[in-house]
Amino acid sequence: MEKAIYNILVNDATVSGITTNIYPFVLPQNASLPAVTYQRIMTGMVEASGTTPALRSTELQITAYTQDGATSAYAQAVVLGEAVRDALDRKSGTFNGVVVDQIFFDNERDTYEFTSDKHGRVLEFVCWYEG
């Protein structure tokens with residue numbers, strides 16, 4: 001599923017107009033900002049009559065980061081978060097070989113990392129896909 005998420009985000013005109021710095025799991029130490037990270041929170045399977053599961057359900061967390069000191073860093077994190085949400089919510093199709101039934105936006109919250117002065121918008125999605 002992560003291959004699909006990366007493919008969708010890097011090919012979305014609004015997201016890529018803000019940043020193409022999109023990383024799995026953690027933000028590299030010296031990454032340029034703004035940037036986006038994505039990580040799997042959990043995966044479940046839907047079984048049908050003891051057969052191999054046709055659909056998987058994965059919860060993903062995606063964080064949009066901006067650097068403090070940038071003009072309106074918090075506002076930039078909000079804008080990047082909205083771009084990510086718009087790119088992914090209700091998305092379906094085949095992306096980088098992954099057949100996505102549908103991606104649903106679940107919730108969002110703000111974050112701030114004091115040690116690195118990064119503002120962020122954390123978004124969570126539920127993704128249904130063939131597996």
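**Entry 1: salt bridges**

I began with charged side chains and counted five salt bridges in this model, which is a predicted one. The pair I opened first was E2 with R40, whose side chains meet in a salt bridge at 2.6 Å, N to O. E2 belongs to helix α1 and R40 to strand β2, so this pair ties together parts that lie 38 residues apart in sequence. I then looked up how open the two partners are. E2 is partly exposed at a relative accessible area of 24%, and R40 is partly exposed too, at 33%.

**Entry 2: around E108**

Which side chain meets E108 in a salt bridge at 3.2 Å? I found R85 there. E108 sits in strand β5 and R85 in helix α3, so the contact ties together parts 23 residues apart in sequence. E108 itself is partly exposed, with 32% relative accessibility.

E108 also forms a salt bridge with R121, where the closest N and O atoms are 3.5 Å apart. R121 lies in strand β6, so this pair joins β5 to β6 across 13 residues of sequence. I checked whether R121 is buried or exposed. R121 is buried, with a relative accessible area of 9%; the cut-off for that word is under 20%. Through shared partners, the salt bridges link R85, E108, D110 and R121 into one network.

R85 turned up once more when I searched for charges over rings. Its charged end sits over the ring of F105, 5.6 Å from the ring centre.

**Entry 3: aromatic pairs**

F105 led me to the rings. My search of the whole structure gave two aromatic pairs. In one of them, the ring centres of F105 and F125 are 5.7 Å apart and the planes make 70 degrees, so I noted the pair as edge-to-face. F105 is in strand β5 and F125 in strand β6, 20 residues away, and the pair links these distant parts of the chain. F105 is partly exposed at 26%, while F125 is buried at 1%.

The other pair is Y112 with F114: the centres are 4.8 Å apart and the planes at 80 degrees, so this one is edge-to-face as well. Here I found Y112 partly exposed at 27% and F114 exposed at 69%.

**Entry 4: strands β4, β5 and β6**

Next I followed the strand pairing. β5 and β6 run antiparallel and are joined by 12 bridges. Q102 stands opposite W128 of β6. The hairpin they form has four residues between the strands, and D117 in the turn has a positive phi of about 55 degrees.

On to β4, residues 93-95: this strand pairs with β5 in the antiparallel sense over three bridges. T94 has V99 of β5 as its bridge partner. The hairpin of β4 and β5 has two residues between the strands, and N96 takes a positive phi near 55 degrees.

**Entry 5: the core**

I closed with the largest nonpolar core, which has 25 residues. Which members touch the most others? I noted M1, I5, L9, V84, L88 and I103. The elements giving two or more residues are α1, β2, β3, α3, β5 and β6, and α3 gives the most, with five.

I took L88 for a closer look. Leaving out residues up to four places away in sequence, L88 touches I5, I8, L9, I62, I103 and F125. F125 is the buried ring from my aromatic entry, at 1% relative accessible area.

Terms used: Residues numbered from 1 in each chain as written. Heavy atoms only, no water. Core = buried A, V, L, I, M, F, W, Y, C linked by side-chain atoms within 4.5 Å. Buried < 20%, exposed > 50% of the residue type's maximum accessible area, 1.4 Å probe, protein only. Contact = heavy atoms within 4.5 Å. Salt bridge = Lys/Arg side-chain N within 4 Å of Asp/Glu carboxyl O. Pairing = 2+ DSSP bridges. Phe/Tyr/Trp six-rings, centres within 6.5 Å; stacked < 30°, edge-to-face > 60°. Lys NZ or Arg CZ within 6 Å of the ring centre and 35° of its normal.
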